[in-house]
Amino acid sequence: MNNRKISLVILISAIWLTLCSQILLAQEAAPPTGTKFDYHWFDTNRLNVFITLAIVFSAILWFIARAKKGKSLFIRRIAGLDAIEEAVGRATEMGKSVLYIPGIHDMNDIQTVASMIILGNVAKTIARYDIPLIVPIRQPFVVPVAEEAVRQGYLSAGRPDAFMKDNIRFISDEQFAYAAAVNGIMLRERPAANLLLGSFYAESLLLAETGASTGAIQVAGTANIHQLPFFVVACDYTLIGEELFAASAYLSREPKLLGSLKGSDLAKALIVLAIIIGTILETIGVKWFTKLFVVQ
Amino acid sequence: MEFWQKLLAIDRRIIFIFVAFAIIVPLFIIAPPGFLKKIDVSLPVQSLYDYVENLPPGSKIMIAFDYDPPTTPELQPMAVSFLKHCFTKDLKVIMLGLWPQGPVQAQFAMEREILVDEKIKAKNLQYGIDYVNLGFQAGNEFVILRMGTDIAAAFPVDYFGTRTKEIPLMKDVKNFDNIRLVYNISAGYPGTYEWVIFAGDRFGVKIAGGNTAVQYPHNSPYVQTGQLVGLLGGMAGAAGYEKVSGYLGKATKYMLSQAVSHAMVIFFIILGNLAYFITRGRKV
Amino acid sequence: MRKEVPLIITFLAGAFFIADYFIPHTGFSDLAAKINGWAIIVLAASYILGVLNILRINYGRVAKREKDWILKLILVLCMFFMLGAGIFGGITEGTLFDWFFVNTFTPMQATMFALLAFYIASAAFRAFRVRTVQAALLAITAVLVMIGRVPIGETIWKSFPDFTEWIMNVPQLAGKRAILIGAALGAIATGLKVITGLERTYMGQD
Amino acid sequence: MGAFLTLGIISFLYKDNPWYKFCEALFVGISAGYWFCTVFWSQFVAKLWDNIYPTAGQPRQYVYLVGGILGLMMLLRLVPKIGWFSRWPLAFVVGGTAGAYLIGYALSNGMKQVKSTILPLWVSGNLNATVGNIILVVGTFCGLIYFFFSKEQKGTYGKVAKLGIFFLMITFGASFGYTVMARMSLLIGRMDFLFGTWLGLIK
């Protein structure tokens with residue numbers, strides 16, 4: 001451990017201690033009448049959640065550690081993800097722009113976080129060629145994040161000079177004003193590839209339909225089930241649910257991120273196993289196993 | 001063959017005209033009684049009705065108005081028929097919203113539909129005693145979490161600026177423990193999903209929902225798992241509740257347009273495919 | 001400072017909200033509510049950046065007299081008008097701000113939403129091609145649901161609504177569960193990577 | 001006024017025209033101003049100002065100043081040299097989100113769904129429930145297999161994954177059907193406004 005790490009540990013502990021002292025102070029202040037003041041530090045009813053999370057966390061971290069050591073990990077081809085690269089490739093051939101729509105939710109949706117990670121990777125690919133990457137955004141807070149992600153992508157490709165701040169555009173916080181403006185971009189600037197990845201709502205149909213009519217290659221992805229049918233119908237490839245989250249790891253091809261994919265696969269296998277065992281037990285009338293999954 | 005090919009390349013404005021007619025014409029037609037009889041009352045609608053029906057008078061119901069004007073055609077009827085049902089059963093209603101425009105819709109529902117209704121006028125409802133509108137608070141699911149410990153802390157003043165603690169109805173309402181049901185009418189985020197996981201699952205209060213048809217399939221699994229007492233989905237759900245509670249309103253009126261427009265979309269799907277396969281067959 | 005501090009903050013914030021679920025201590029929940037208040041304030045502050053971004057982009061277009069620059073000017077003027085009315089006059093019922101909201105914003109927003117009905121019909125006609133078994137399943141389910149939810153269904157077959165309900169409760173639910181469980185794992189993995197700092201593309205690194 | 005704007009937007013269905021463009025510019029501008037003011041009053045003022053200068057009798061809560069400082073740091077983006085400060089609030093929001101949502105997903109999308117999928121495959125005397133449960137369990141199983149990334153989808157395994165996709169398609173079909181219902185409802189509402197509220201033709 002070097003000095004730097006030690007000082008970091010001290011800093012973290014200091015912040016935690018401050019927070020804890022705050023809580024203890026609150027404890028000493030007389031609780032308002034009529035309120036139950038709970039003094040427990042762990043909710044034992046939630047032990048099962050804790051253990052489940054611990055298992056999933058360790059599965060993911062263990063595989064990441066393995067990947068870091070250089071163990072090769074197999075991940076199957078994911079058609080939709082290859083399609084992203086293909087779409088970017090075609091845009092470069094045609095010398096046209098790529099439109100990246102990161103969904104309409106704010107950073108407090110984890111899909112937007114995943115989308116920003118993918119955006120970084122897409123930017124890295126695009127930076128090598130001189131085509132614009134247009135990112136229209138609905139939530140103001142996403143703008144700086146997207147700027148950082150794209151800037152970083154261009155930087156790692158060695159082309160910080162090609163980064164155009166004006167292509168990361170805040171449009172409007174209003175859902176349909178946003179949709180109307182993005183439709184305008186599709187019709188007027190005619191991007192060759194539209195990537196719609198993130199958290200989408202009612203505007204998905206408008207965007208996907210307009211995009212399809214301009215003839216651009218469209219790759220879409222979201223975990224919002226109610227919008228997936230429109231993407232399935234109107235786009236060339238669709239990333240369904242988990243595939244969107246997988247994309248961030250898959251595209252970067254970084255072993256440690258692929259490790260996390262493996263980890264969640266292991267967790268999935270455990271879930272499938274739990275369902276099989278549980279179903280058998282339930283069928284023969286044994287109930288305790290099912291109760292392990294009751295969340296309070 | 002010419003015909004089918006032309007059909008495939010049809011200007012979409014012609015389709016738009018069909019849509020407009022399918023919607024507008026039935027609005028002018030009064031639906032025959034036989035048609036209304038066929039309106040379906042689905043299980044989640046029935047169970048919400050039954051739950052409210054069996055509450056003792058004076059029970060406190062919370063209604064979260066989590067939507068704004070664009071989705072009112074679907075959601076406002078759900079609010080109106082539910083409110084009418086609550087007031088006829090002498091339940092106390094606490095209204096609020098996690099969407100900025102939600103409490104305004106609550107106010108509209110009360111002023112335009114509830115307080116002018118003859119039957120309800122007889123009840124002589126008093127603001128602050130029989131019902132209250134706590135207004136809007138920002139913070140989405142975190143507001144719900146705050147309410148779990150202290151509702152007055154999450155909503156310090158009501159819609160009109162009165163301190164919540166001074167409102168008679170709120171005197172003995174501390175948190176979700178004092179609420180028999182949270183009925184959430186939602187058009188998206190935050191909405192039923194957030195109420196289920198943050199209020200229902202964490203604090204054990206009963207949750208029911210009224211959703212747009214888009215949201216409905218998303219939240220219907222929670223009915224099966226018992227996390228929702230009941231759920232209304234779209235215009236059909238709203239009309240179902242109107243039917244079962246006997247307060248026929250807008251949803252019932254709109255049902256005919258709804259039926260015709262569905263039939264038309266199905267017709268388009270079939271026609272589109274027919275044209276596609278016939279022209280493709282010829283080319284090969 | 002540039003690299004480590006943000007990572008530490010991410011970790012602490014993430015760990016804090018995870019811990020919040022397991023710690024029932026009232027002092028802790030109160031603190032969580034306050035910390036959430038910070039997040040709301042930060043998000044609110046970002047709206048200032050948003051307005052400035054709109055200004056920067058549109059100012060350029062108006063100054064260069066690009067095509068439709070008058071519209072861009074109207075856009076910016078409308079924005080300033082609403083900003084002025086809202087900040088100095090308040091936003092409660094009966095204010096100028098509220099009047100403009102009810103009479104311009106609301107009908108346009110509702111109409112935008114309603115336009116989707118037209119597009120969905122046109123998409124049904126043009127995009128819904130039953131080329132594969134998968135596409136056929138999608139189309140058939142859609143048609144069944146559409147019929148079952150309106151009184152046409154019951155006219156055709158008495159148990160049609162029940163059948164629709166069955167589709168929703170059995171095969172539909174099965175597919176949805178698979179997506180939900182998968183997405184949960186994806187979200188957990190992404191969240192974990194973000195919190196532990198393994199994934200930080202979104203933050204820039206210098 | 002409402003009708004003028006409603007028709008202006010609807011005119012886009014015919015084609016892109018100046019009337020629509022005018023309405024669009026109006027819409028975007030007004031909405032930007034609207035959201036800013038709403039956020040300003042209901043979030044910024046309510047959470048920061050009102051906590052530090054509360055109504056008489058309430059204690060001042062200086063803790064919220066931290067949020068204000070983080071918010072200020074966000075604005076430092078505008079100053080290129082110290083712009084990197086803005087990463088602190090950014091990290092704070094993203095980290096907090098990741099934590100809160102991680103728990104949310106794990107509970108509602110994860111454990112609750114797993115629990116509800118564990119069903120008896122034989123319900124005596126109820127054929128309907130038996131068949132339903134079997135399809136539900138098999139469907140969820142196949143769907144999960146589709147999301148498995150560690151194995152190439154070939155052979156029997158591939159067929160199971162394919163069956164999984166079929167179930168996903170049924171889910172999408174149902175969603176599509178419901179969405180049609182929703183959109184039509186909204187248009188009905190709008191038309192009722194035009195012909196009923198505005199022109200007074202519908203009683």
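This tour moves through a predicted model, chain by chain and contact by contact.

**Chain A**

Begin by selecting chain A and colouring by secondary structure: eleven helices and six strands should appear. Viewed along the principal axes, the C-alpha trace of chain A spans about 65 × 55 × 50 Å. Of the 296 residues in chain A, 52% are buried. Among the contacts of chain A with a separation of 6 or more, 72% join residues 24 or more positions apart.

Next, colour chain A by its domain assignment, with residues 79-252 as domain 1 and residues 255-291 as domain 2. The C-alpha centres of domain 1 of chain A and domain 2 of chain A are 34 Å apart. To see where these domains meet, display the contact between them, in which five residues of domain 1 of chain A face four residues of domain 2 of chain A. On the side belonging to domain 1 of chain A, three residues are nonpolar, two are polar and none is charged.

**Val135(A) and its surroundings**

Now centre the view on Val135(A), which is in strand β2 (residues 133-137) of chain A. Is Val135(A) buried or exposed? Val135(A) counts as buried because it has 25 C-beta neighbours inside 10 Å, and the threshold for a buried residue is 20 or more.

Show the contacts of Val135(A), leaving out neighbours within four places in sequence: they are Tyr100(A), Pro102(A), Leu119(A), Ala146(A), Val150(A), Asn167(A), Ile168(A) and Arg169(A). For a distance across the chain, select Gly80(A) as well; Gly80(A) and Val135(A) are 55 residues apart along the chain, and their C-alpha atoms are separated by 20 Å.

**The largest nonpolar core**

From Val135(A), step to Ala146(A), one of its contacts. Ala146(A) also belongs to the largest nonpolar core, a set of 336 residues. Which residues touch the most other members of this core? Select Ala146(A) and Leu195(A), then Ala117(C) and Ala121(C), to see the four residues in question. Helix α6 (residues 155-198) of chain D supplies the largest share of this core, with 20 residues.

Stay with Leu195(A) and display its contacts beyond four places in sequence. The residues that appear are Ile84(A), Ala87(A), Val98(A), Leu99(A), Tyr100(A), Ile101(A), Val122(A) and Val219(A). Tyr100(A) is thus a contact of Leu195(A) and is also listed among the contacts of Val135(A).

**Chain C**

Hide chain A and select chain C, which has eight helices and zero strands. From the N terminus on, the order of elements is α-α-α-α-α-α-α-α. The C-alpha trace of chain C spans about 65 × 50 × 40 Å along its principal axes. How does its radius of gyration compare with that of a compact globule, and what are the values? Chain C has 26 Å, whereas a compact globule of 206 residues would have a value near 17 Å. Buried residues nevertheless account for 60% of the 206 residues in chain C. Of the contacts in chain C with a separation of 6 or more, 25% are between residues 24 or more positions apart.

**Where chain C meets its partners**

Bring chain A back and select the contact of chain A with chain C, which takes 69 residues from chain A and 53 residues from chain C. On the chain A side, helix α1 (residues 3-28) of chain A gives the most, with nine residues. That side has 45 nonpolar, eleven polar and 13 charged residues.

Then turn to the contact of chain C with chain D, where 96 residues of chain C touch 95 residues of chain D. Elements giving two or more residues to the chain C side include α1 (4-22), α2 (26-63), α4 (96-126) and α8 (171-195) of chain C. Select α8(C) on its own to find the largest share of that side, 20 residues. By class, the chain C side that touches chain D holds 76 nonpolar, 14 polar and six charged residues.

**Chain B**

Finish with chain B, coloured by pLDDT. Its average is 89, and 98% of the residues score at least 70. Among the elements of chain B, strand β1 (residues 60-66) has the highest mean pLDDT, 96, and helix α1 (residues 2-8) the lowest, 79.

Recolour chain B by its domain assignment: domain 1 comprises 1-30 + 253-284, and domain 2 covers 40-248. The centres of domain 1 of chain B and domain 2 of chain B, taken over C-alpha atoms, are separated by 38 Å.

Methods:
Residues are numbered from 1 along each chain as its sequence is written. Chains are lettered from A and ligands numbered from 1 in the order in which they are written. This is a predicted model: local features need pLDDT of at least 70, side-chain atom pairs count only at pLDDT 80 or more; totals for chains, interfaces and linings use all residues. Two residues are in contact if their C-beta atoms, placed from the backbone, lie within 7 Å. Helices (H or I, at least four residues) and strands (E, at least two) are DSSP runs, numbered from the N terminus. Ala, Val, Leu, Ile, Met, Phe, Trp, Tyr, Cys and Pro count as nonpolar, Asp, Glu, Lys and Arg as charged, and the others, Gly among them, as polar. Domain bounds come from an automatic or database domain assignment. pLDDT is the predictor's confidence in each residue, from 0 to 100. A nonpolar core is a set of buried Ala, Val, Leu, Ile, Met, Phe, Trp, Tyr and Cys residues joined through C-beta atoms within 7 Å. A residue is buried if 20 or more other C-beta atoms lie within 10 Å of its own, exposed if 12 or fewer, and partly exposed in between; C-beta atoms are placed from the backbone. The radius of gyration is taken over C-alpha atoms; the globule rule is 2.2 Å times the number of residues to the power 0.38.
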